[in-house]
Amino acid sequence: MKDEMKDTNQTGSDRWWKRAVIYQIYPRSFADSNGDGIGDLQGIIAKLDYLEELGIDAIWLSPVCRSPQDDNGYDISDYQDIDPMFGTLDDMEALIREAERHHIRIIMDLVLNHSSDEHRWFQEAKKSRENPYHDYYVWRDGVEGEYPNDMRAAFGGSAWEWVPALQQYYFHQFSVKQPDLNWENPKLRQEIYDMINWWIEKGVGGFRLDVIDQIAKEPDKKITNNGPRLHEYLRELSRETFQKADLVTVGEAWGATTELAKLYSNPDNSELSMVFQFEHICLDQIEGKEKWDLAPLPFMKLKEVFERWQTQLCQKGWNSLFWNNHDLPRIVSRWGNDGQYRVESAKMLAILLHGLQGTPYIYQGEELGMTNVQYEIEDYRDIETLNLYQERLEKGYSREEIMRSIHAKSRDNARTPMQWNDGENAGFTKGTPWLRINPNYREIHAESQMNDEDSVFSCYKKLVRLRKEYDVFVDGDFRLLLADDENIFAYTRTNGDQTLLVLCNFYDTTVSYSLDEDVSGMELLVSNYRDADETGTLRPYEARMYLKK
């Protein structure tokens with residue numbers, strides 16, 4: 001197993017991560033081993049049998065490094081230590097070892113755009129302008145109360161914070177406690193490379209890089225995403241670190257286009273394995289507005305976006321396939337039907353996504369069809385949600401309007417604790433959970449689904465297995481079918497003699513269709529209804545995946 005996982009000679013379609021399915025864990029909400037109400041590393045170790053049963057190849061671990069937790073771990077104060085709430089460095093090393101025994105790699109989540117203001121670098125940086133660490137961050141001279149420019153932070157307020165002792169402002173794209181790192185400083189970059197290589201030596205299988213498209217910021221020009229030196233930095237980063245092992249690397253890049261993604265994920269491995277791009281995820285908001293400004297999903301646009309990413313990256317890059325993550329609402333509530341057709345629509349969305357070219361990501365609980373929540377504001381913990389509530393109240397929005405947006409889009413929708421069983425606290429903890437558990441845990445939980453052939457879990461398990469069995473999932477060319485149909489998402493993937501056909505009814509009414517493709521000679525690989533023999537009609541949220549060999 002160890003030799004297989006450390007093989008660095010794979011190229012092209014043989015790279016292990018092209019056949020892999022990656023499972024994202026939000027550690028504080030996954031499994032609590034010590035009863036303090038917060039998930040931890042030992043809790044994850046205890047659930048590795050479950051993950052091996054699902055069949056996943058790697059765990060993307062949301063940040064576990066030491067942090068004041070101003071932004072749930074995305075404010076790192078020590079990149080080479082584990083936050084005590086999750087355990088110790090010994091626990092992390094044990095997780096890497098135990099996961100390997102279960103044929104699972106561990107992918108670290110690294111935040112390289114900014115650090116915590118409690119990181120020793122920043123503590124030194126604000127002591128004086130002459131301090132060697134001062135230039136590790138982005139500073140501008142100024143006068144208190146007169147900001148260098150009008151740039152806003154993502155979590156609200158100005159992107160500039162005054163430090164009286166220095167008579168300077170520092171730049172922060174997110175929380176005031178998350179000062180941006182200055183990648184123009186080669187000493188900073190070397191510190192980052194040394195840290196990453198330290199983790200590689202410990203046996204991690206890859207890295208997810210938070211908002212990596214913002215490291216080449218130029219705030220004087222109001223440039224945050226895709227700065228002029230971005231790909232220069234990424235090539236140097238890859239050369240100095242990632243290329244030393246057979247790793248999977250994925251960058252979060254909200255501003256990525258297909259052309260930029262070809263640079264990020266060039267098959268020559270000069271930058272990253274792939275990026276998370278969010279074009280499809282941003283469709284259900286009013287154009288030009290914030291994510292909280294809700295709009296119906298433009299289904300035809302969704303098909304167009306997927307077609308473009310599938311065809312334009314083919315042989316020139318690599319897709320990340322995802323509906324959910326720790327920042328996004330639950331997909332079955334968002335674009336499925338979390339009521340009458342929860343099971344059917346959860347499976348449909350899985351079948352649609354997992355037939356595409358790219359590496360699929362499953363966010364914890366997605367494989368169970370976990371849903372959004374509708375709490376009162378007092379029950380939310382997410383800094384973005386709480387700031388949004390106050391800001392919009394001050395702007396005159398009604399409380400009802402604000403809560404409607406929060407119920408639809410709050411990041412805490414994804415962060416409610418994992419639902420393991422119908423016992424106390426859904427089996428997540430014996431203590432008081434850090435975030436209120438979704439009240440529907442008695443109906444939706446892992447224990448009831450693992451041995452149920454018709455469960456959402458079993459559907460995901462089958463899709464994970466199929467990706468490893470058939471080359472067409474990796475190499476097949478994509479062709480959109482029924483492009484003008486306003487209800488059906490249908491496509492083929494073709495590789496030599498193998499053709500994969502996927503048919504999905506995206507809505508809750510029965511619809512008819514007509515295809516040139518003859519399914520009579522095809523094998524039905526997976527469907528979300530027990531009886532899937534009738535052709536020409538799809539029932540509410542019905543999905544089928546066929547294979548011609």
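Helices here are DSSP runs of H or I with at least four residues, strands are runs of E with at least two, and both are numbered from the N terminus. Please keep in mind that every view below shows a predicted model.

**View 1. E93 sits in helix α5.** This close-up brings us to helix α5, which covers residues 89-101 and holds E93. E93 counts as partly exposed because its relative accessible area is 23%, which falls between the limits of 20% for buried and 50% for exposed. You can also look for V204 in this view: 111 residues separate E93 from V204 in sequence, while their C-alpha atoms are 9.2 Å apart in space.

**View 2. Y79 and W121 pair their rings.** Aromatic pairs number 36 in this model. One of them joins Y79 to W121, with ring centres 6.0 Å apart and 35 degrees between the planes, a tilted arrangement. The two partners come from distant parts of the chain: strand β4 (residues 78-82) carries Y79, helix α6 (residues 120-125) carries W121, and these positions lie 42 residues apart in the numbering. Are these two residues buried or exposed? Both Y79 and W121 are buried.

**View 3. Y375 and Y380 form another tilted pair.** Here the centre-to-centre distance between the rings of Y375 and Y380 is 5.8 Å, and their planes meet at 55 degrees. Y375 has a relative accessible area of 2%, so this residue is buried. Y380 is likewise buried, with a value of 2%.

**View 4. Nine aromatic residues join in a cluster.** Follow the ring pairs in this view and you will pass through F299, F306, W323, W335, F478, F489, Y491, F506 and Y507, which are linked into a cluster. Keep F306 in mind, since this residue returns in the lining of the second largest cavity.

**View 5. Two basic side chains lie over tryptophan rings.** Which ring does R28 lie over? R28 is placed over the face of W434, 4.6 Å from the ring centre. K47 takes up a position over the face of W420, with a distance of 4.1 Å to the ring centre.

**View 6. The largest pocket holds about 1,200 Å³ of space.** The volume in the title belongs to an open pocket with 42 lining residues. To find its centre, look for A154, F155, F174, K291 and E384, the lining residues that lie nearest to that point. Which helix makes the largest contribution to the lining? Helix α13 (residues 383-394) gives the largest share, five residues. By residue type, the lining has 16 nonpolar, 10 polar and 16 charged members.

**View 7. The largest cavity has a volume of about 90 Å³.** Searching the whole structure turns up five cavities of 30 Å³ or more, and the largest of them, at about 90 Å³, is shown here. Its lining is made of 12 residues, among them W17, K18, S265, N266 and P267, which lie nearest the centre. Four residues of this lining are nonpolar, six are polar and two are charged.

**View 8. The second largest cavity has no charged residues in its lining.** This cavity contains about 70 Å³ of space. Around it you can pick out Q277, H280, F306, W309, Q310, N319, S320, L321, F322, L353 and L356. At least two lining residues come from each of α10 (299-312) and β12 (320-321), and α10 gives the most, with three. The lining splits into six nonpolar and five polar residues, with no charged ones.

**View 9. The cysteines form zero disulfides.** How many disulfides does the structure hold? There are zero. C282, at 28% relative accessibility, is partly exposed. C504 is in no disulfide, and its nearest cysteine sulfur, which belongs to C459, is 10.0 Å away. That distance rules out a disulfide because the sulfur atoms would have to lie within 2.5 Å. C504 is buried, at 0% relative accessibility.

**View 10. G288 is an exposed loop residue.** The loop between β11 (274-276) and α10 is where you will find G288. With a relative accessible area of 78%, G288 counts as exposed. Between G288 and K217 there are 22 Å from C-alpha to C-alpha, and the two are 71 residues apart in sequence.

Technical notes: Residues numbered from 1 in each chain as written. Predicted model: local features only at pLDDT ≥ 70, side-chain atom pairs only at ≥ 80, totals over all residues. Heavy atoms only, no water. Phe/Tyr/Trp six-rings, centres within 6.5 Å; stacked < 30°, edge-to-face > 60°. Buried < 20%, exposed > 50% of the residue type's maximum accessible area, 1.4 Å probe, protein only. Lys NZ or Arg CZ within 6 Å of the ring centre and 35° of its normal. 1 Å grid on protein atoms, 1.4 Å probe; cavity = no way out; pocket = protein on both sides within 12 Å on 5 of 7 lines; lining within 4 Å. Points joined across faces, edges and corners; volume = space filled by probe spheres on them. Nonpolar A, V, L, I, M, F, W, Y, C, P; charged D, E, K, R; others polar.
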